[in-house]
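Hi everyone, thanks for coming. I'd like to walk you through a few spots in one model, so let's get it up on the screen.

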Amino acid sequence: MKLFFIRHGETTHSKIGGYCGDLDPDLTEDGSKMAHQFAEAYADLPWEAAYVSPMKRTMATAKFLCDRTGLTPQIREGIKELAYGKWEGKTPDEVNQEFHDDYIRWLTDPGWNAPTGGEKGIEAARRASEVIREIQERHETGNVLVVSHKATIRIMICSLLGIDPGRFRDRIAMPVGGVSIVEFREHGPLMHALADRSYLDESLRTRPGT
């Protein structure tokens with residue numbers, strides 16, 4: 001079985017690098033183009049299922065492929081984005097000014113330190129791992145799509161590859177629209193692609209933002 005992780009397309013918050021976990025913005029026009037181009041590139045694969053975070057940005061990203069392939073999105077709370085608490089909607093510079101001590105602790109180890117009023121990385125890893133376990137139990141073979149978010153996808157990949165989830169910010173980049181592929185094999189998960197955006201046209205691949 002292969003897991004195809006995709007981070008949702010561009011939003012207004014991803015354009016400026018603002019923290020966006022529980023906030024629920026729509027995709028921008030270019031974010032919708034990203035989702036459409038993903039569907040165009042991957043629709044011909046034989047898909048088994050699509051598991052999708054319940055946020056508008058992930059649902060909209062999944063919609064084009066699901067419409068093309070007839071998949072019904074399986075909504076799972078466990079693959080929502082890390083909750084950023086009082087940092088929601090703020091940029092890193094703003095957070096550093098307003099919550100400096102918490103911010104430094106979080107930068108040092110986001111696995112065991114939460115954003116102010118938010119969620120620890122290990123808590124996100126625990127809930128996301130339950131969804132991965134469910135997918136493994138339900139789909140022994142085939143291609144399975146997981147539409148999620150920047151931090152959560154990085155945490156899931158770290159967990160699958162035996163990397164400390166607390167190092168997700170230091171070890172893995174995940175731009176909007178990035179596709180990562182992990183195959184479950186006899187000796188454990190094997191990564192085939194990380195944050196690939198070669199399916200996007202140049203204007204979308206080179207857009208600023210995170």
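**A walk through the model**

Let's start with Cys 158, which is buried, with a relative accessible area of 0%. Before I go on, keep in mind that this is a predicted model. There's another cysteine to look at, Cys 66, and it counts as buried because its relative accessibility is 4%, under the 20% cut-off. So how many disulfides does the model have? The count comes to zero. If you haven't met the term, a disulfide is a covalent bond between the sulfur atoms of two cysteines.

Okay, back to Cys 158, which is one of the buried residues of helix H7. That helix runs over residues 150-161, and here's a nice check you can do yourselves. At 1.5 Å a residue, its twelve residues should span 16 Å, and the end C-alpha atoms are 17 Å apart, which agrees.

Is H7 enclosed or open? Nine of its twelve residues are buried, so the helix is largely enclosed by the rest of the structure. Among those buried residues are Ala 151, Thr 152, Ile 153, Arg 154 and Leu 160. And what do they pack against? The list includes strand E1 (2-7), helix H6 (121-138), strand E4 and helix H8 (168-171), and it also has strands E5 (179-185) and E6 (188-196). After H7 comes Gly 162, and its phi is positive, near 80 degrees.

Now, strand E4 came up just now as a packing partner of H7. E4 covers residues 143-148, and Asn 143 lies in it. Asn 143 is buried, because its relative accessible area is 12% and the cut-off is 20%. Its side chain has a polar atom 3.1 Å from the backbone oxygen of Pro 46. Leaving out residues up to four places away in sequence, Asn 143 touches Lys 2, Phe 4, Leu 45, Pro 46, Trp 47, Glu 48 and Ala 49. So Pro 46 turns up there too.

Last stop: Ser 14, over in helix H1, residues 12-16. Buried or exposed? Ser 14 counts as buried, at 5% relative accessibility. A polar atom of the Ser 14 side chain sits 2.9 Å from the backbone nitrogen of Thr 11. If we set aside neighbours within four places in sequence, Ser 14 is in contact with Arg 7, Val 176, Gly 209 and Thr 210.

That's my tour, and I'm happy to take questions.

How values were computed
Residues numbered from 1 in each chain as written. Predicted model: local features only at pLDDT ≥ 70, side-chain atom pairs only at ≥ 80, totals over all residues. Heavy atoms only, no water. Helix = DSSP H or I, 4+ residues; strand = E, 2+ residues; numbered from the N terminus. Buried < 20%, exposed > 50% of the residue type's maximum accessible area, 1.4 Å probe, protein only. Polar contact = N/O pair within 3.5 Å; in protein donor to acceptor, adjacent residues only side chain to side chain. Contact = heavy atoms within 4.5 Å. Expected span 1.5 Å × (residues − 1). Disulfide = S-S within 2.5 Å.
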